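Student: Could you take me closely through one part of this model, the nonpolar surface patch and what lies around it? I would like the cut-offs spelled out as you go.

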Amino acid sequence: LRAISNVYESSADEYLASLHGSFTLDTQRVRWSCSLQETQLTASAGFSVAKAALTANAVAATLQPSVEEEVEVEERKEGEEGEEEGDTGNVKKTSSEEQRAKQKLETEKKMKESIEGGLPVFLQTLWDVSLVDISQTLQQVCNKVLKDISVPWQLRFRRAEALLRLARVFRDMGDR
């Protein structure tokens, strides 16, 4: 909600400042402020994506030895089955088979813990990327609403004031 509030407020401020002219100090200050907010949001999402990539690499590194061990166990198992002869109906689990079963359970547990450990980072990354998309879309909508030349400037001025009020509402709700 705070991000939405920031977009509404910066769009309205930028429009209201532009009414005084493009080269006034107020207009330049507002433009710099809007650019800074956009850059911070984009950089935050970029860092989040990088952090998710590092976490995914760590998860893969954790899973790699487990998968390799499982492949080796399967190869050994196939080799032993080829050597066994005799009655297969009464085959009992040997201690090596029990060890393999335990090892498989431990491997699955490690995989699950590794993936669950990285889940918060992945969810945060999804949120950050979604936030950038939402902010950019809202910015485009606000620009269309405030720069609509089919309506008089007085109505666009009222729209900007309404956006400022709406920004305050979103900010207050976001602070709760």
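Tutor: L1, L166, V169 and M173 make a nonpolar surface patch of about 340 Å², where a patch joins nonpolar side chains (Val, Leu, Ile, Met, Phe, Trp, Tyr) within 5 Å, or like charges within 9 Å, from residues with over 30% relative accessible area and no salt bridge, that is, no side-chain nitrogen of Lys or Arg within 4 Å of a carboxyl oxygen of Asp or Glu. Areas come from the Shrake-Rupley method with a 1.4 Å probe, and for residues only the protein chains shown count as cover. The model is predicted, so local features need pLDDT of at least 70 and side-chain atom pairs pLDDT 80 or more, while totals for chains, interfaces and linings use all residues. Residues are numbered from 1 along each chain as its sequence is written, and side-chain values use heavy atoms, without hydrogens and water.

L1 is found in the segment before α1 (2-18), helices being DSSP runs (H or I, at least four residues) numbered from the N terminus. There is 1 aromatic pair, counted when ring centres of Phe, Tyr or Trp (its six-membered ring) lie within 6.5 Å, with planes under 30 degrees apart called stacked, over 60 edge-to-face and the rest tilted. Y8 and F170 form this edge-to-face pair, at 5.7 Å centre to centre and 70 degrees between the planes. Because Y8 lies in α1 and F170 in α4 (residues 153-175), the pair ties together parts 162 residues apart in sequence. Y8 counts as buried at 13% relative accessibility, whereas F170, at 22%, is partly exposed; buried means under 20%, exposed over 50%, and partly exposed in between.

Notes:
Helix = DSSP H or I, 4+ residues; strand = E, 2+ residues; numbered from the N terminus. Buried < 20%, exposed > 50% of the residue type's maximum accessible area, 1.4 Å probe, protein only.
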